[in-house]
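The two exercises below are meant to be worked with the sequence and the 3D structure open, and each task is followed by a solution in steps.

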Amino acid sequence: MNYAITPTAECHLPGLYRALDVVARELRFLALTAAPPWEESLAYHRNILGKNFPNFVALCDEKVVGWCDVAPAFAQSRAHVGVIGIGLLPEARHKGLGTSLMQAAMAKAWARGLTRLELTVRADNLNAIKLYEKLGFEHEGVQRRGSFVQGEYYDVCCMGLLRSEDP
Ligand SMILES: CC(C)(COP(=O)(O)OP(=O)(O)OC[C@H]1O[C@@H](n2cnc3c(N)ncnc32)[C@H](O)[C@@H]1OP(=O)(O)O)[C@@H](O)C(=O)NCCC(=O)NCCS
């Protein structure tokens with residue numbers, strides 16, 4: 001298998017959309033339970049790309065098997081903040097691709113001038129929480145019953161990372 005991490009280009013967007021839909025439909029990991037309408041997804045990614053925010057895909061022999069994007073936070077006072085989203089198809093997990101995607105997104109975010117990254121993660125998503133902790137993200141609070149899927153409530157953890165000061 002030939003894996004690669006690369007900046008997202010327009011040609012990757014249909015594959016990214018399919019991957020997002022698969023991961024969302026697992027109902028265990030994302031706030032979405034299915035991909036949003038294609039036009040909405042296109043506008044979301046074009047906004048990120050147009051603002052030169054981080055957006056990377058993981059490819060396996062040219063097929064999109066995962067993504068990591070950093071969306072601009074809403075409102076003027078949050079222009080320094082990026083909101084991370086990440087996911088990999090089931091067969092692409094536990095190979096280090098999540099770490100590589102996050103590292104690429106973090107490097108681009110700091111180079112782009114952002115000084116804070118934040119994310120939310122379901123409290124029972126221990127793999128993802130382990131990954132974020134390994135990369136320095138800190139727990140900042142819990143949205144109690146922040147998620148409701150198939151008749152069950154789940155707590156959602158808020159995590160954040162500040163850009164370290166230059167030496
Ligand atoms: C979360 C996710 C992106 C992690 O990516 P990954 O490629 O599987 O993770 P990596 O192989 O890079 O491992 C990263 C770390 O996670 C932890 N980890 C990975 N697999 C693990 C497992 N089975 N059990 C416990 N910890 C695990 C380890 O701490 C690992 O660190 P290490 O490299 O020092 O061993 C991926 O599993 C995924 O897409 N999950 C479904 C979607 C999702 O949860 N998205 C995030 C929503 S907030």
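A residue is called buried when its relative accessible area is under 20%, exposed when that value is over 50%, and partly exposed in between. The model is predicted.

**Exercise 1.** Determine which parts of the chain Lys 63 and Glu 91 link through their salt bridge, and decide whether Lys 63 is buried, partly exposed or exposed.

*Solution.* Begin with the distance: the closest N and O atoms of Lys 63 and Glu 91 are 3.7 Å apart, and the cut-off for a salt bridge is 4 Å. Next, place the partners: Lys 63 belongs to strand S3 (residues 63-72), whereas Glu 91 sits in the loop between S4 and H3, so that the pair links distant parts of the chain, 28 residues apart. Finally, because Lys 63 has a relative accessible area of 46%, Lys 63 is partly exposed, and Glu 91, also at 46%, counts as partly exposed as well.

**Exercise 2.** Describe the shell around the ligand, and find which backbone atoms lie close to the ligand's nitrogen and oxygen atoms.

*Solution.* Start from the shell, in which 22 residues surround the ligand, with Leu 88 and His 94 among the closest. Then sort these residues by character, which gives ten nonpolar, eight polar and four charged, and by element, where H4 gives the most, with six residues. Lastly, turn to the polar backbone atoms: one of Ile 86 is 2.9 Å from a ligand nitrogen, one of Leu 88 is 2.7 Å from a ligand oxygen, and a backbone N or O atom of Gly 96 lies 2.8 Å from an oxygen of the ligand. The protein covers 74% of the 930 Å² of accessible area that the ligand has on its own.

Technical notes. Residues are numbered from 1 along each chain as its sequence is written. This is a predicted model: local features need pLDDT of at least 70, side-chain atom pairs count only at pLDDT 80 or more; totals for chains, interfaces and linings use all residues. Side-chain values use heavy atoms; hydrogens and water are left out. A residue is near a molecule or strand if one of its heavy atoms lies within 4 Å of it. A polar contact is a pair of N or O atoms within 3.5 Å; within protein, one must be able to donate a hydrogen and the other to accept it, and residues adjacent in sequence count only if both atoms are side-chain atoms. Accessible areas come from the Shrake-Rupley method with a 1.4 Å probe; for residues, only the protein chains shown count as cover. Helices (H or I, at least four residues) and strands (E, at least two) are DSSP runs, numbered from the N terminus. Ala, Val, Leu, Ile, Met, Phe, Trp, Tyr, Cys and Pro count as nonpolar, Asp, Glu, Lys and Arg as charged, and the others, Gly among them, as polar. A salt bridge is a side-chain nitrogen of Lys or Arg within 4 Å of a carboxyl oxygen of Asp or Glu. Buried means under 20% relative accessible area, exposed over 50%, partly exposed in between (1.4 Å probe, protein chains only).
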